[in-house]
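Q: I'm new to this one, so please give me a close look at its interior. Take it slowly, and explain any terms as you go.

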Amino acid sequence: MLGILVVCSNYALADDGKDQASKVKNTVERDENEAQILVASDLHTYETKIEPLLKRACFECHSADYSEGNFRADQLDPDFLSGNDITWWLEVYSVLSKGEMPPPDSNELSDADRILIVDWLSKEIQKAEKLRKSSGNRSSFRRLTRYEYNYALQDLLGVPWTFADDLPEEASEDDGFENNAESLLISVKQVETYYDLALKALQRVTVRGERPAVVHWSISMKDAFQREKKWHDETIDSTRKKFENDPEEQTKQIERLKNQFQAPENRSHYLDSATGLRARVEWNYRKAIYAFETSEGEQSTLDPGSQFAVVQPGSREALTVELGDQLPDVGTLRVRVRASRAEGVTERVPSLQLYFGFQATDQGRSIKRISQQDVQVHALFGQPEVYEFNFPLSEIEHRNTYRGNMKLGEQPSPSEYIRFVNSTVSGSGDSAASSAILIDHVEVAAPVYEEWPPPSHRKLFIESEVEHDEAAYAREIIAAFMSRAWRQVTPDEIDRKVELFEHVRAGSLDFQDAIIDVLATVLASPKFLYVSKSEVESRADQELRPISQTELATRLSLFLWCSLPDETLLELASAGQLSDSDILRQQVDSMLGDPKAARFSKHFVQQWLKLRPLEYLSPSSGENGIDEALLESMKAEPIALFHDMLQNDSNILDFIAADYLVVNERLANHYGILGVPGNEFHRVPVPDRLNRGGLLTQAGLLTMNSDGEDSHPVKRGVWLLTNLLNDPPPPPPPAVPEIDLSDPEIAKMTLKERIEDHRNHAACLSCHQKIDPWGIAFENYDALGRWRIQVDGKNIDASSMLPNNTRLNGIVGLKEHLVQHRDEQFVRATVEKMASFALGRQLDFGDRAEVTDITRSVRDAGGGIRSLVICLVTSDLFQSK
């Protein structure tokens, strides 16, 4: 049954509580004074301990006499709270913590002295960050988020791999985004982690020596069928001999075995189409008896035969192809499968997924989907085509650790396998055969490199006429890499890294090791990890000052690509052309048309709509269960809708009341819509009298805002007010009681009646009258977002009354009210949310005028979501500090 937390109003002082008010005031003042003391700059430690060390170790090269790198350590202001040198201090902190400065061959700074300075810097930086957060000052610098860091490395290194798994997920405020500068702190430990991650990433994308030999498997389903047939025939021969003196029992047992061998047609099986014989698709890990041997080379030109695997929909019907223990650790795993649709199927197009896994023991197993997108099998029966999957082996998180330690056939088993899953959703009325995929041949090869060295290696170790000269070649590599990684780089900064290379090279095994080590320090620098070099701007100074062209390029790229700017943006910034509004609009259009814009859709929508609770749901069974395909589709639907609207510049109000859906087959079935084929998302019209369209009726959002068993009007109302209207109710006080369902009178009530009864309590009325009417309008949707008209035999009353006496008649009335009377509020709220995401900070009172101007511009431009992006990017708010 449903248990509802009561959301109550904020605490208030009693009318006659003057003494209490005075105590509160004194307490607040005392806390503020203590906070000021807590975050006061420790100038005494600087003057007595830190400055003498810096003078001895740094001033010789970084002072008036010789300001190497245009850097004056002797002029740095040690006051982190009111001074203007925090960016330089961050660089000092970085180079000292990594041991890059003073030069490693210098004896001017002991390990103990270095630790003393780094510890002081760390404390002072954290104090400054806390003060800005508590004082409401605008923070104009921040580090990259976990996902931005990952995308930046992908774009910089030229491979779509995962590089940030060792970084923790970002913590986000309830009303903020993950890229909020106030929450993006950094510690000494994180600096070390960034260096380690960079080193591993650079090592992964580079290679050594000659191209490795490729291991091949050429596996025909004829061989797989014959293997099952052979085992079956041997069992029959054994049974025949066992019962040779009892012909009647012999016949009975042989017939039983034949029936057992003849697999059911609606289950996955091997089929000999010439004889009609069907063999079960069997697999178990013991002794690796199902492992196929490697072949001499590619044999994909084998002519199709009459025997193939029939793979039915569902993960339990998967076809497992075991490969033994010969797969390498790195390089591309290439899987080619020759497949077709079932006989007589011309309209329905089934989909195929690829998994990788192993099972060493009864408990030691791992399985992971490695295909990024489903492959649709368009080939007709009798005309099979080859479909290809490619996946980097280094991206597979778990490999069988018994490889190389145990022999194939021993226990624990060192073997690994690939698995083909027919991910087609079976619609109502479909026959089993119509969804089946027929596979007759599988070819596996690894490691596959189309070029040697691969492009990722050549992207770092660039072609040069001075490759024979290590010093000159090192300078070219370092300069080219730094200009891409740091966006702006000076000759002095390049000189410093070249000097570091010379030192590292002296103790390194070879040139490549030394270069990679230096490039890792480039990626662990604040110049890469931090978004901007700009200083902190006080909100007391309301004057908007333009950011630099490079900062604009960076802000734009982080906004729309969640990554650092590419060469085109940097070239435009260098030429000062991004200040031209027409060129800027062209760039926005170009960037939104790039596949990388999908990152913007994904991360903005996930954070805007607070979708993280969906990640904690697991597939379940039963009438109220969520299968894996439905759960995956629920998570993707809000993002798919936003991205479709973005590409088509659909009106922002379509988020509320669109006359179309962006769904795949699994969601369409869930909503009762026929004729939506495949696992890809498509825009389809909303059928008449179907209460769908927009965000409010999406199954994932409705499920997320339920209690798992029933709807949850309070959660749904709070979510709508907070995320769509940017008008959150006050938080509940601690120890809020639940509705007492043990009371038989309350237990007999409908959900709406319970809420209304509870709202009659004076302490709860002020908040609940704001929340409940919005949530009750969703009552026709159950815990999984399915439409219903009754609960326990009682008709649902989804009507409610807003505090201004406006009646909402269910979801239709809610949509009408939002579109007709709250449209300005919704558009403005969307502008505010997107602006906060784009700027990487929460908006405050000083931003209100700019938000108003942007909202008006969006309206004048037709109200499209793509227009919103352009209006925001071309605004003073986006282009100013």
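A: First, a bit of vocabulary: helices (H or I, at least four residues) and strands (E, at least two) are DSSP runs, numbered from the N terminus. This is a predicted model, in which local features need pLDDT of at least 70 and side-chain atom pairs count only at pLDDT 80 or more, while totals for chains, interfaces and linings use all residues. Residues are numbered from 1 along each chain as its sequence is written, and side-chain values use heavy atoms, leaving out hydrogens and water.

Now the big picture. The protein has 32 helices and 18 strands. Of its 881 residues, 52% are buried, where buried means under 20% relative accessible area, exposed over 50% and partly exposed in between (1.4 Å probe, protein chains only). Take the contacts (heavy atoms within 4.5 Å) with a separation of 6 or more: 74% of them are between residues 24 or more positions apart.

On to the interior. A nonpolar core is a set of buried Ala, Val, Leu, Ile, Met, Phe, Trp, Tyr and Cys residues joined through side-chain atoms within 4.5 Å. The largest one has 82 residues, and Phe559 and Phe600 have the most contacts inside it. Helix H29 (residues 823-839) gives the most to this core, with 8 residues. Leaving aside residues up to four places away in sequence, Phe600 touches Phe559, Leu560, Cys562, Leu592, Val605, Phe642, Leu646, Met834, Phe837 and Val869.

Follow H29 and you meet helix H31 (residues 865-873): the two pack at an angle of about 50°, with their axes 11 Å apart. Those axes are lines fitted to C-alpha atoms, for helices over the stretch in contact, and angles run from 0 to 180 degrees between N-to-C directions. H29 is therefore oblique to H31, given that angles under 35 degrees count as roughly parallel, over 145 as roughly antiparallel, 65 to 115 as roughly perpendicular and the rest as oblique. On the H29 side, the contact is made by Thr830, Val831, Met834, Ala835 and Ala838, and on the H31 side by Ile865, Leu868, Val869 and Leu872. By class, that's 8 nonpolar, 1 polar and no charged residues. Here Ala, Val, Leu, Ile, Met, Phe, Trp, Tyr, Cys and Pro count as nonpolar, Asp, Glu, Lys and Arg as charged, and the others, Gly among them, as polar.

There's also a second, separate core of 73 residues, which includes Phe71, Ala198, Trp486 and Ala514. Phe71 is 17 residues from Trp88 in sequence and 8.4 Å away in space, C-alpha to C-alpha. Trp88 lies in helix H3 (residues 86-97) and is partly exposed, with a relative accessible area of 33%.

Two buried residues have a backbone quirk. Ala288 isn't a glycine, yet has a positive phi of about 55°. Ala288 sits in the loop between strand S3 (277-280) and strand S4 (307-311), and is buried at 9% relative accessible area. Arg487, also not a glycine, has a positive phi of about 70°. You'll find Arg487 in the loop between helix H11 (470-485) and helix H12 (491-506), buried at 11%.

Finally, a couple of cis peptide bonds. One joins Ala446 and Pro447, with omega about -5°, and Pro447 lies in strand S12 (residues 437-448). Another runs from Trp452 to Pro453, with omega near -10°; Pro453 is in the loop between S12 and helix H10 (455-460).
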